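Please find below my note on the model you asked me to look through. I have kept to the backbone and the burial of residues, point by point.

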Amino acid sequence: MISLKHILIFLSSWWFLEKIITLDVKLSSCIYEEYPDHDLDMTPPDSLDREEDFHDDIPYYNEWNEKMADFHPKSLLSVLISPKSSEVFYETVVKQPTTIKGMFFTTSKDDYLSVQVVVRSPINQVLYTNDSPEGLFSVDANMVGDYQISLTNTHWMTPVAVTFATGTDDHSILKTEHVENTFNRIKKLEEHIDNIYSQFRYFWTHNNRQMNATKKAQGRLLLYALLQFTVILVCSLISIWYVKKTVSNKRIL
């Protein structure tokens, strides 16, 4: 049977638990009343809402903004360079001053593999040299000619895969007059295409007529040849019959 002692212990525990819950609710209400506009959301802020520029702490982005601004590559390629060999490319400069820009990086499994990049002027003057796994270069071309860009694998046993891009700042910007000139050229091309189609149609009709006339002439020639062959055959048979009849006549003999 349940004793009075057990009942008292149960009632005391229930009263103590109720007091704790009531105190917790009061504390929560006080905190909310003291800070009614407090944001309890503990999620991290969205990266798009951050105002700081995280590129400022990375040297690569600073170097890119400094050297490769307004970079429009004319060529982008990947090449595998054999050990102790070189790949040479040329960038043609047609006016001065012009800036030659480029970038390179190795795509081999081993990150330590580097490639030696050397840029030379038309008079074989070294304008840029670098021996590293990746890099950016921007050189001023002060003379017209072909500039040499060589990629050299200095390793003895290991080939190196390199991705390489280069270009100059000598590129035109699309303007309104360019678009208008393009439309005019398209109209002229349409007119030329119509003229070419008309000429083609005329020549096709003319050739078709000539082919039909040639076929008719060939048919007539074939008919004339058959008729001629028939006449010759008949005359030959008559001649043979006449000669045979003449020879076989005993009275003439």
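The points that follow go from the whole chain to one central topic, its strand pairing, and then to single residues with backbone features of note.

1. Please bear in mind throughout that this is a predicted model. The chain holds three helices and eight strands, and their order from the N terminus is α-α-β-β-β-β-β-β-β-β-α, with the run of strands placed after two helices and before the last one.

2. On exposure, buried residues account for 18% of the 253 residues in the chain. The accessible surface of the chain is about 21000 Å², and carbon and sulfur atoms contribute 61% of that surface.

3. As to how the chain is connected, the contacts to consider are those between residues at least 6 apart in sequence, and 77% of these join residues that are at least 24 apart.

4. Strand S3, which spans residues 98-106, is mostly covered, since eight of its nine residues count as buried, that is, they have under 20% relative accessible area. S3 pairs with strand S6 (residues 134-141) in the antiparallel sense over eight bridges, and within this pairing Met103 stands opposite Leu136 of S6. S3 is also joined to strand S8 (residues 160-168), again antiparallel, by seven bridges; here Phe105 has Thr163 in S8 as its bridge partner.

5. What kind of peptide bond joins Gln96 and Pro97? The bond is cis, with omega at about -5°, and Pro97 belongs to the loop between strand S2 (85-93) and S3. By way of background, most peptide bonds are trans.

6. Two residues other than glycine deserve a look for the sign of phi, given that most residues of that kind have a negative value. In the loop between strand S1 (75-81) and S2 lies Lys84, whose phi is positive, near 55°. In the loop between strand S4 (115-120) and strand S5 (126-132) lies Asn124, which is not a glycine either and has a positive phi of about 65°.

7. Are these two loop residues buried or exposed? Lys84 has a relative accessible area of 44% and is therefore partly exposed, whereas Asn124 reaches 54% and so counts as exposed, the cut-off for that class being over 50%.

Definitions and conventions. Residues numbered from 1 in each chain as written. Predicted model: local features only at pLDDT ≥ 70, side-chain atom pairs only at ≥ 80, totals over all residues. Heavy atoms only, no water. Helix = DSSP H or I, 4+ residues; strand = E, 2+ residues; numbered from the N terminus. Buried < 20%, exposed > 50% of the residue type's maximum accessible area, 1.4 Å probe, protein only. Contact = heavy atoms within 4.5 Å. Areas by Shrake-Rupley, 256 points an atom, 1.4 Å probe, with all protein chains shown as cover. Pairing = 2+ DSSP bridges.
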